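Good morning, everyone, and thank you for making the time. I would like to walk through one structure with you, going from a whole chain to helix pairs and then to individual residues.

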Amino acid sequence: METKSIMIVGVGGQGSLLASRILGNVLLQQGFEVKVSEVHGMSQRGGSVVTYVKYGDAVYSPVVEKGEADVIISFELLEAARWASCLKKGGKIVTSTQTLDPMPVITGAASYPQGIVENLEKMGIDVTAVDALSLAEQAGSAKASNVVLMGVVSKKMDFDESVWQEALNQCVPPKFIEMNRTAFALGRNA
Amino acid sequence: MKKLMLGNEAFARGLYEAGCRFASSYPGTPSTEITEEIAKYDEVYAEWAPNEKVAVESALGASFAGARAFAAMKHVGLNVAADPLYTASYTGVNGGLVIAVADDPGMHSSQNEQDSRHHAIASKVPMLEPSDSQECKEFAMLGYEISEQFDTPVLIRTATRVAHSQSAVEQLPRQEKELKPYEKNPSKYVMMPAFAKGRHVVVEERTKKLIAYAETAPINKVEDNGSEIGVITCGASYQYAKEALGNQVNYLKLGMTNPLPDQLFLDFTAKCKIVYIIEELDGILEQHAKALGIACKGKEIFGCIGELNQVIIAEKLLGKKPELMTYPEELPIRPPVMCAGCPHRGVFYTLAKHKITVSGDIGCYTLGAAKPLNSMDWTICMGSSVSCLHGFNKVLGEKSQNKTVAVIGDSTFMHTGLNSLVNVAYNASNSTVIILDNSITGMTGHQQNPTTGKNLKGDPAAAVDLVALCHAIGIQRVRVADPYHLAEMEQAILEELAVDEPSVIISRRPCALLKYVKHNAPLHVDTDKCRSCKMCLKLGCPAISMKDGKACIDHTQCVGCGICEELCKFDAIQK
C-alpha cells in the first residue's frame, strides 16, 4: 500500500499529542507500519503546531511536506487554512470551527481571516467543519475537543469502531475514559 | 505486538534492557523524555542534575564505581559538559558510559543549530547515530558494548525528528549486569600531566581500533541496489533520502559517525559514477570523503542550514516539484506566546512600561522578547543573563546600571546563573537580577529542579532557599515579590534599580500550567464599561482580544490571574 499522510494541526496546548497517539495506536492495531512525528518545546506555548502521522507497508521519513498530505485534521480554523497547502490534490480537511486569535490579531497588526471554510472549498478541498468545542463541553470538558475530532475522523476511515475504543483505552488515563468515550461518540455522530 | 515509541522512549528502553543502573541529566528539548522514561524503571537510579556538566561527571563517577551509566542533554548542553567529556575520553570508563546528545536542526526549540559531531571528533569519542526508534533502542545497547570493549565514553546523537518521532519497537527483557569491581589505578584515572600524557597515547591507539571496527561494523550498512549513483548518509537524513530516492540509488548508511571508516568509503564509492552526501547541518561525512579523494557533492547542493526532508532531496536530485495548492489570502502568523496566566507576564509588562534594558536568558520567558511586550535586549545561553548584565554595567556604569535588569528562571539560575551572581557580588557591579521563580523547569515540560523540593521521581527533596542563598554569596538586598500584583512588582523593580548596590528580586508564583495550581474563575468584560482603550491588550495575553470593538476574554483560556483587571482603569474587567 502506498504511504498515507495525515497532519494534525492546531494551537500549542490544544491536545494534538493525544490525538496523534490515538490515531497512531489505531493504525498500529491495523498492522500498518506507522510513524508519528511531534514537536515539543517552545512552539507548544500557544504557537502554530503540527503533528505528522504516516502509515503504509513501509514508512521512511516521519515528516509530511507541502503537497503530500491526504488528510488534515485541524483544531482551529486559521490553522486549517495555514496548512492547507500541504494537502495533495483531492485531499480532505476535518476541522473544528473554533477560532483562537493569534498575537498579530490581538495586537491589531492583522485581522482574523473570514470565510475560511468557503475559501478552502473553492480550492477544491473536501471540508468537514464541526463545532468540536461545544461538543467537548457537552461531554464535560473543553479539553476533549481532540477526542471529538477523532470521533469525526473515525467515520471517514475504514476501521471498526472497536479499534478506536481500544486505542482510547490505551491512550487515555482511566479517570477520564468515560468523558472521552462520550466526546468520541459525539464526534462520531456529528 | 510491537509498541509505538518516541525515539526518546525507545532510547530509555535500550538503556534499561542493557542493564543501565545510573542516569543523571539536565532537561533540554529534544532530549528530555529519555531521562523521564528511564526514571519509570525501578531498577535504574535516575536524577535531574543542576546542569549537564554535573550530570556527565556524576555518570562518570557511577561508571568508575562499575555501573553502566548514562547522561542526556541537548546539543548546547554538551558545550556545558564538554569539560568532563574531553578528559573522560582520556580516562576511559569502568562500567559502560553512554551520553545522549540531541541536536535541533531547524531550531524548533533552541538558540542555535550547532552540529554535535564536532564534539565527538574533538574529544575523540565514538559517536552513534540512530535514524528511528528501533535503532534508538539498539544503538543505546550497542553503545554500552562499544564503551566497555574500547574503554571509552560513547556519544549517541539524535535529532528532533528521531527523538520526537514515534515508530514501532520490539521490547525484550532486561539483562542485569554485575557491577565491575573498582580498582585504584591513578595512571588511568588521575589526569595530571604525567599520567595524561600516557593516556593521550592510549586514546590515539583506541581511535585506530575504532576505525578498524567502523570498517566492518554492522551498523555501517551498505544497500546495493545495482545503481551507479551512491548516497552516503546518516540519521534522519537516511529516512528522508530513502523516501525520496527509494531503491534508485545505492546507500552507505552510517550508524557510527565518529570515527569514520576509510576503506568502506572507498569501496562503496568505487562502484559509483556519482556520489551524493546527504547529511543535515555541517558537511562532516563530505569532508571525510573529500579527504579520501572521493569526488562527491553535498553541501553545495543542500547547504548547511535547517532540516532536510524528502521534498528537498527529490527536488534537488530528481528535479521533482510537488503540485501545490495555495490559500487565496495572506494569513496572520501565530508565533508562540506566554500562556494565559503566565506569572512572567506581570514582570515583563512592568519592564516594558519603564523601558528597562533586559538581559535575557533561556526559558519560556524568552518569549518576553516578542510583541507586544518587546521586553528583552539579548539572549545567549543558559545563565548568561546575569554575567552579560554585569559586563554591560561595568562598562556603562551610571549610564546603564539603574535602567537594566537580568531575568532568569529558577531552573536556569541553578544551572549556571548562580556562579554569574557570585561574580556580581564578588566584583560588585551595581546590577539588579530578577529570578523568575515559577517553581518548575517550564519550557521543557515541567521538570523538577533543586529549588522545587521534589526530585525526578516526584519524591520530597532538599529545596534551595533562594533568599538565603543570595544573602550567603554576599548580596545584601534580596526581596520577594508576587508578579500577579503589578503594583508590588513595580515598586520592587523601581526601588531595586534606584539603589547603588547589587540586588535580587525573586518574582515568585508557580507556573499556571502546574497541576496543583488552582485557577480562579475566568474574568469577563462588561462591554458597557469598556472604553476600547486597549490597555489590556498591552499584556500580550492570548485570552484577551477585541470583538466588535470591545475587549473580550476567552473563557476557555483565562485562568483568572487578574492582571488585566488591575490594569483596567474603567473597572470593565470583572470576576
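What follows is a tour of selected features in chains A and B. Please keep in mind throughout that this is a predicted model, and that every value I quote is computed from it.

Let me begin with chain A as a whole. Its secondary structure comprises eight helices and six strands, and if you read from the N terminus onwards, the order of these elements is β-α-β-β-β-α-β-α-α-β-α-α-α-α. As for overall dimensions, the C-alpha trace of chain A extends over about 45 × 40 × 35 Å when it is laid along its principal axes. The radius of gyration of chain A is 16 Å, and because a compact globule of 190 residues would be expected to come out near 16 Å, the chain agrees with that expectation. Two further numbers fill in the picture: of the 190 residues in chain A, 63% are buried, and among the contacts in this chain with a separation of 6 or more, 64% are between residues that lie 24 or more positions apart.

Now to the helix packing, where I have chosen one pair from each chain. In general, a packed pair of helices is described by two quantities, the angle between the axes and the distance between them.

In chain A, the pair is helix 6, residues 145-156, and helix 8, residues 177-188, whose axes come within 6 Å of each other and cross at roughly 45°. With oblique covering the angles that are neither under 35 degrees nor over 145 nor from 65 to 115, helix 6 and helix 8 of chain A are therefore oblique to each other. The crossing of these two helices is right-handed. On the helix 6 side of chain A, the residues that take part are Val147(A), Val148(A), Met150(A), Gly151(A), Val152(A), Ser154(A) and Lys155(A), and they meet Asn180(A), Ala183(A), Phe184(A), Gly187(A) and Arg188(A) on the helix 8 side. Sorted by class, the contact between helix 6 and helix 8 of chain A contains six nonpolar, four polar and two charged residues.

In chain B, the pair is helix 17, residues 384-396, and helix 18, residues 410-426, and here the axes come within 7 Å and cross at roughly 25°. Since angles under 35 degrees count as roughly parallel, helix 17 and helix 18 of chain B are therefore roughly parallel to each other. The crossing of this chain B pair is left-handed. Helix 17 of chain B contributes Val386(B), Ser387(B) and His390(B) to the contact, while helix 18 of chain B contributes Gly417(B), Ser420(B), Leu421(B), Asn423(B) and Val424(B). By class, this contact of helix 17 with helix 18 in chain B has three nonpolar and five polar residues, and no charged ones.

Next, some backbone details in the loops of chain B. The peptide bond that leads from Thr29(B) to Pro30(B) is cis, with omega near 10°, and Pro30(B) sits in the loop between strand 2 and helix 2 of chain B. The bond from Asn258(B) to Pro259(B) is likewise cis, with omega near -10°, and Pro259(B) belongs to the loop between strand 12 and helix 12 of chain B.

Then there is the question of positive phi. Lys355(B), which is not a glycine, has a positive phi of about 50°; this residue lies in the loop between helix 16 and strand 14 of chain B, and because its relative accessibility is 72%, Lys355(B) counts as exposed. Asp571(B), also a residue other than glycine, has a positive phi near 50°, and it is located in the loop between helix 21 and strand 22 of chain B.

I will finish with two residues of chain A. Lys4(A) is part of strand 1, residues 4-11, and at 37% relative accessibility it counts as partly exposed. Leaving aside residues up to four places away in sequence, Lys4(A) touches Val53(A), Lys54(A), Tyr55(A) and Asp70(A). Its C-alpha atom is separated by 12 Å from that of Ser61(A), which is 57 residues away along the chain.

Glu166(A), for its part, lies in helix 7 of chain A, residues 161-171, and with 31% relative accessibility Glu166(A) counts as partly exposed. Measuring nothing but C-alpha to C-alpha separation in the model, Glu166(A) and Gln29(A) are 9.1 Å apart in space, although 137 residues apart in sequence.

Conventions. Residues are numbered from 1 along each chain as its sequence is written. Chains are lettered from A and ligands numbered from 1 in the order in which they are written. This is a predicted model: local features need pLDDT of at least 70, side-chain atom pairs count only at pLDDT 80 or more; totals for chains, interfaces and linings use all residues. Side-chain values use heavy atoms; hydrogens and water are left out. Axes are lines fitted to C-alpha atoms, for helices over the stretch in contact, and angles run from 0 to 180 degrees between N-to-C directions. Helices (H or I, at least four residues) and strands (E, at least two) are DSSP runs, numbered from the N terminus. A crossing is left-handed if the near helix is turned anticlockwise from the far one by less than a right angle, and right-handed if clockwise. Contact means heavy atoms within 4.5 Å. Ala, Val, Leu, Ile, Met, Phe, Trp, Tyr, Cys and Pro count as nonpolar, Asp, Glu, Lys and Arg as charged, and the others, Gly among them, as polar. The radius of gyration is taken over C-alpha atoms; the globule rule is 2.2 Å times the number of residues to the power 0.38. Buried means under 20% relative accessible area, exposed over 50%, partly exposed in between (1.4 Å probe, protein chains only).
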